[in-house]
Amino acid sequence: MAVQDKKRNARNAALVLDLMHIIIGILVVICAALAFLNPEKNQILFPVIFCLAALLNGLNGRYRLLSGTRNKKTIAAGIGQCIAAVFLLAVGIISAISIWR
C-alpha cells in the first residue's frame, strides 16, 4: 500500500506542476501581450512577468529537488532552477523599484 501512495503522490505532484505551468504560462502571455501593446501605460506588467517567471522556475526547482533524491543531475538542475528563480525575482524587484521611482 505504501508504494501505491508514493506513486499517487508523484502523479499528483506532476499534475499540479503541469496545471501551474498552464496557468502561469497563460498569465505571462497575457501580461506580455498587454505590456508590448502599450508599454507606457502597462509598464507595471514587466515586474509581474519577471515575478511569474521566478515563481515558475521556483516551482520547477522545488519539484526537481524533491523528486531527484538520488540523482545528482536532477538535484543540480533543481538547484540551477532555484538560482534562476532568485535571479528573476531580483530582476522583478529591481524593475518594480525603477518603475515606481
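Biologist: How much accessible area does the nonpolar patch on the surface have together?
Modeller: This is a predicted model, in which local features need pLDDT of at least 70 and side-chain atom pairs count only at pLDDT 80 or more, while totals for chains, interfaces and linings use all residues. Residues are numbered from 1 along each chain as its sequence is written, and side-chain values use heavy atoms, without hydrogens and water. Patches take residues with over 30% relative accessible area and no salt bridge (Lys or Arg side-chain nitrogen within 4 Å of an Asp or Glu carboxyl oxygen), joining like charges within 9 Å and nonpolar side chains within 5 Å; areas come from the Shrake-Rupley method with a 1.4 Å probe, only the protein chains shown counting as cover for residues. Here the members, among them Leu 15, Ile 22 and Leu 37, together have about 850 Å².

Biologist: Which kind of aromatic pair do Phe 36 and Phe 46 form?
Modeller: Ring centres must lie within 6.5 Å; planes under 30 degrees apart are stacked, over 60 edge-to-face, and the rest tilted. The rule yields 1 aromatic pair. With 5.6 Å between centres and 80° between planes, Phe 36 and Phe 46 are edge-to-face.

Biologist: Is Phe 36 buried or exposed?
Modeller: Buried means under 20% relative accessible area, exposed over 50%, and partly exposed in between (1.4 Å probe, protein chains only). Phe 46, at 24%, is therefore partly exposed. Phe 36 has 62% relative accessibility, so Phe 36 counts as exposed.

Biologist: Is Asn 42 buried or exposed?
Modeller: The relative accessibility of Asn 42 is 19%. Asn 42 therefore counts as buried.

Technical notes
Rings of Phe, Tyr and Trp (its six-membered ring) pair if their centres lie within 6.5 Å; planes under 30 degrees apart count as stacked, over 60 as edge-to-face and the rest as tilted.
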